[in-house]
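Thanks for coming, everyone. I'd like to walk you through one model today, so please have the picture open as I talk.

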Amino acid sequence: MITINNVSHHIDHHPILNNVSLSLEDAQVIALIGPNGAGKSTLFSVMSRLQPLQSGSVQFGEYDIAHTDSKVMAKTVAILAQSNQLQGRLRVEELLMFGRYPYHQGRPTPADHQKVAEVIKKFELQDMAHRYLSTLSGGQQQRVLIAMIVCQDTPYLLLDEPLNNLDMYHSGQLMRALRSLAHEQKKTVVIVLHDINQAAQFADTVVMMKTGQVIQTGHPIEVLTQETIQDLYGVKATVIEHKGYPVIIDSRV
Ligand SMILES: Nc1ncnc2c1ncn2[C@@H]1O[C@H](COP(=O)(O)OP(=O)(O)OP(=O)(O)O)[C@@H](O)[C@H]1O
């Protein structure tokens, strides 16, 4: 369970997060959606301790982020930030092994090699496993970064806009892989998504944020309505249902 209680955050006296409280069950895919500047990345930064917690509390299972050792946190929460600099002189499999660092501390064991091999297969990276990161396309680099996060094998994963640069095939493949991590391996996956239809199709829970506040939380079919889309984005949309999940069409023409 992720428990966020009354988290507020200011930057230079400007309120960025305003009393955010959330209780999110484990073993599900949670999509965090909302307009640009809503505070999604800031919430992730605070949750993953990239920015200090100014007020309130955040707990991942039994671990309160304010009182948990960094080594324990590294085995509890993994984050993909919105922008990442990759060291080009590393090969793909070396980067993935880097994700295992909290376990091997620089001396990989057969179990670490096995985990890396498993993730390479799951994310269909076999053809590029030996290539240098500098030779990969933007979308390929993004897929490799996500695979590294998954190698970290934490119960909680926070991914900020993981579909950036991914084509239709790889977006769907990634969302399915994340869903299988959540439902089969009982990981809790929180993803910031701008593609509202990916959230509608693949998330178990949607959290809507606007101006630093959570305005709605629930199953996609309950919360992704014409009214909430209008409220969230100021967009007039048509919402239809397909196989039990909503499909949102921008009806401004
Ligand atoms: N270092 C900073 N200094 C000043 N303002 C900041 C800083 N970082 C973020 N902000 C502001 O905080 C607000 C929330 O930003 P944040 O990046 O969390 O939004 P977001 O919901 O992730 O947006 P996007 O969808 O555009 O990535 C924005 O208004 C942003 O301009």
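Let's start with helix α1, residues 40–47. In this predicted model, α1 lies across β3, β6, β7, β8 and β9. Its direction makes an angle of about 145 degrees with β7. Please also find helix α7, residues 168–183, which packs on the sheet as well and touches β3 and β8. The angle between α7 and β8 is about 150 degrees.

So what sheet are these helices sitting on? It is an open sheet of 6 strands, and if you read across, the order is β6-β7-β8-β3-β9-β10. The pairing is mixed. At the edges you find β6, residues 77–80, and β10, residues 213–218. Each of those two has a single partner strand, so one side of each is left without a neighbour in the sheet. Going from one strand to the next, the twist averages 15 degrees.

Let me take the β6 end in a bit more detail. β6 pairs with β7, residues 156–160, in the parallel sense, and 4 bridges hold that pairing. If you want a spot to click on, try I79, whose bridge partner in β7 is L158.

Now to β3, residues 29–33. On one side, β3 runs parallel to β8, joined by 4 bridges. β3 also runs parallel to β9, again with 4 bridges. L32 shows both pairings nicely: it stands opposite V192 in β8 and opposite V207 in β9.

Is β3 buried or exposed? Here 5 of the 5 residues are buried, so β3 is largely enclosed by the rest of the structure. In a regular strand, side chains alternate between the two faces of the sheet. In β3, V29, A31 and I33 point one way, while I30 and L32 point the other way, and all are buried.

There is a second sheet to look at. This one is open too, with 4 strands in the order β2-β1-β4-β5 and antiparallel pairing. Its edge strands are β2, residues 14–24, and β5, residues 63–64, each pairing on one side only. β1, residues 2–11, pairs with β2 over 7 bridges in the antiparallel sense. Within that pair, H10 stands opposite P15. And here our helix comes back: α1 packs on this sheet too, touching β1, β2 and β4, at about 70 degrees to β2.

Next, the ligand. Which residues are around it? They are I11, D12, I16, G34, N36, G37, A38, G39, K40, S41 and T42. By class, that shell has 3 nonpolar, 6 polar and 2 charged residues. α1 gives the most to the shell, with 3 residues.

A few single residues are worth a click as well. L163 is in the loop between β7 and α7. What makes L163 count as buried? A residue is called buried when 20 or more other C-beta atoms lie within 10 Å of its own, and L163 has 21 such neighbours, so it counts as buried. Leaving aside neighbours within four places in sequence, L163 is in contact with S171, L174, L193, D195 and Q198. Its C-alpha atom is 8.1 Å from that of Q142, and the two residues are 21 apart along the chain.

Further along, I221 is in helix α9, residues 220–223. I221 counts as partly exposed, with 14 C-beta neighbours inside 10 Å. Not counting residues up to four places away in sequence, it touches G244, Y245 and P246. I221 and G244 are 23 residues apart in sequence and 7.5 Å apart in space, C-alpha to C-alpha.

Two loop residues have backbone angles to check. A27, in the loop between β2 and β3, has a positive phi of about 60 degrees although it is not a glycine. T211, in the loop between β9 and β10, likewise is not a glycine but has a positive phi of about 40 degrees. A27 is partly exposed, with 16 other C-beta atoms within 10 Å, and T211 also counts as partly exposed, with 14.

Last, the record. An unreviewed UniProt entry carries the annotation "domain: ABC transporter" for residues 2–236. Over that stretch the chain is 37% helix and 26% strand, and the end C-alpha atoms are 33 Å apart. Thanks for listening!

Technical notes. Residues are numbered from 1 along each chain as its sequence is written. This is a predicted model: local features need pLDDT of at least 70, side-chain atom pairs count only at pLDDT 80 or more; totals for chains, interfaces and linings use all residues. Two strands pair if DSSP finds at least two bridges between them. Axes are lines fitted to C-alpha atoms, for helices over the stretch in contact, and angles run from 0 to 180 degrees between N-to-C directions. Two residues are in contact if their C-beta atoms, placed from the backbone, lie within 7 Å. A residue is near a molecule or strand if its C-beta atom, placed from the backbone, lies within 6 Å of it. Ala, Val, Leu, Ile, Met, Phe, Trp, Tyr, Cys and Pro count as nonpolar, Asp, Glu, Lys and Arg as charged, and the others, Gly among them, as polar. A residue is buried if 20 or more other C-beta atoms lie within 10 Å of its own, exposed if 12 or fewer, and partly exposed in between; C-beta atoms are placed from the backbone. UniProt positions are given in the numbering used here, feature names are shortened, and annotations may be inferred rather than shown by experiment.
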